[in-house]
Amino acid sequence: MLSQFELSDYDRAADFIRDQAGSHQGRLAELDTVGLVLGSGLNALALAIGDAVVIPYESIPHFPTSTATGHEGRLLIGTLAGRIVVAMQGRFHFYEGYSAAEVTFPIRVMRRLGVDRLILTNAAGGLNPEFCAGDFMLIVDHLNLVGMAGHSPLIGPNIESFGTRFPSMTEAYAGSMRRLALETAAALKIELRQGVYAYLAGPNFESPAEIRFLRLAGADAVGMSTVPEALVGNHAGMQVLGISTITNMAIDQLDTDRDTNHEEVLETGERVVPLLTALLSGILERL
Ligand code: HPA
């Protein structure tokens with residue numbers, strides 16, 4: 001049997017966070033809170049969160065700590081576009097050596113805090129030849145290659161208080177949230193591409209043959225996060241929205257003088273933060 005967290009572990013973390021939430025505590029209980037996960041290079045988006053109570057991950061019971069560069073390790077509770085958000089400034093990845101259950105621990109804690117809408121952001125490599133570095137892509141569906149290889153956060157004893165043993169993933173990214181994101185982008189004249197996100201474990205970037213394989217499989221972007229969080233969110237009945245920043249175009253040929261590197265991912269992420277902040281704020285206003 002895999003070692004798993006129990007409901008009481010999630011509740012201990014949630015109780016701790018609630019205690020720390022200060023003046024936001026009352027509003028946290030109104031069940032109108034949105035969860036936000038900030039991906040690579042998107043750290044600075046946290047600066048837009050007002051009146052933030054900052055809780056370092058290492059102080060929260062059972063929370064893993066963030067080891068990836070470009071990921072701070074803190075939880076922020078504050079206001080964005082007039083709404084209370086619980087934001088992860090830095091997330092956990094499978095490639096850091098955490099189990100899928102550890103990677104998604106904070107999402108279930110958010111659920112116990114009353115969060116029922118979850119906005120996941122990430123940095124991703126572009127596979128669709130029509131995309132460019134700096135584009136935003138609304139995730140419409142995913143290829144969970146890590147899950148297919150047996151690493152799902154939902155493996156192990158099912159906690160019925162969260163959801164059913166066999167959750168559907170027919171609409172892993174809620175249609176209502178996707179429509180709202182598209183309407184917001186159109187109103188703000190921000191181009192929002194749409195596509196399928198392929199989830200790989202990393203930490204290496206993909207080989208050219210892998211890129212061609214993923215494209216054949218129907219993926220438009222590739223990355224190392226988000227899907228486990230979307231699974232756990234769906235399992236727990238949350239409405240999930242996923243937005244990728246295409247930070248680099250994936251390289252699909254041998255013998256080019258181009259290469260993929262983490263610095264490029266962070267640089268592009270940082271460059272688009274103001275636009276992404278506008279898009280997310282617009283979405284929150286319309287929720
Ligand atoms: N591949 C995988 N993950 C990524 C990439 C990529 O090209 N860019 C940003 N995250």
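Q: Which residues line the largest cavity, and how is such an empty space found?
A: Rolling a probe the size of a water molecule over the atoms shows where empty space is left. In this predicted model, the largest cavity is lined by F94, A100, N144, V146, H151, P153, Y199, P228 and L231.

Q: How many cavities of 30 Å³ or more are counted, and what space lies in the largest cavity?
A: The count is one cavity of 30 Å³ or more. The largest cavity holds about 40 Å³ of space. Its lining residues comprise seven nonpolar, two polar and no charged.

Q: What is the volume of the largest pocket, and which residues lie nearest its centre?
A: A pocket, unlike a cavity, is an open set of points. Here the largest pocket has a volume of about 350 Å³. Its lining has 26 residues, and A123, F205, M224, H262 and V265 lie nearest the centre. By class, the lining of this pocket divides into twelve nonpolar, twelve polar and two charged residues.

Q: Which helix and strands each supply at least two residues of that lining?
A: They are strand 5 (117–126), strand 8 (221–223), strand 9 (239–249) and helix 9. Strand 5 gives the largest share, four residues.

Q: Which residues surround the ligand, and how are its polar contacts read?
A: A polar contact is a pair of N or O atoms within 3.5 Å. The ligand is surrounded by A123, A124, G125, F205, E206, V222, G223, M224, T247, N248 and V265. A ligand nitrogen atom is 2.7 Å from an N or O atom in the side chain of N248. For the side chain of E206, the distance from a ligand nitrogen atom to an N or O atom is 2.9 Å. At G125 a polar backbone atom is 3.3 Å from a nitrogen atom of the ligand.

Q: Why does the distance between the end C-alpha atoms of helix 9 agree with its number of residues?
A: Helix 9 (residues 262–286) has 25 residues, so at 1.5 Å a residue it should span 36 Å; its end C-alpha atoms are 34 Å apart, which agrees. Helix 9 also has a kink of about 50° at V273, shortly before the proline P274.

Q: Where is the cis peptide bond at P203 placed, and which loop holds H62?
A: The peptide bond from G202 to P203 is cis, with omega near 0°. P203 is found in the loop between strand 7 (192–199) and helix 7 (208–216). H62 lies in the loop between strand 2 (50–56) and strand 3 (74–80). Although H62 is not a glycine, its phi is positive, at about 70°.

Technical notes. Residues are numbered from 1 along each chain as its sequence is written. This is a predicted model: local features need pLDDT of at least 70, side-chain atom pairs count only at pLDDT 80 or more; totals for chains, interfaces and linings use all residues. Side-chain values use heavy atoms; hydrogens and water are left out. The expected span of a helix is 1.5 Å times one less than its number of residues. The bend at a residue is the angle between axes fitted to the seven residues ending there and the seven starting there. On a 1 Å grid over the protein atoms alone, a cavity is a set of points where a 1.4 Å probe fits but cannot get out, and a pocket is an open set with protein on both sides within 12 Å along at least five of seven lines; lining residues have an atom within 4 Å of a point. Grid points are joined across faces, edges and corners, and a volume is the space filled by probe spheres set on the points. Ala, Val, Leu, Ile, Met, Phe, Trp, Tyr, Cys and Pro count as nonpolar, Asp, Glu, Lys and Arg as charged, and the others, Gly among them, as polar. A residue is near a molecule or strand if one of its heavy atoms lies within 4 Å of it. A polar contact is a pair of N or O atoms within 3.5 Å; within protein, one must be able to donate a hydrogen and the other to accept it, and residues adjacent in sequence count only if both atoms are side-chain atoms.
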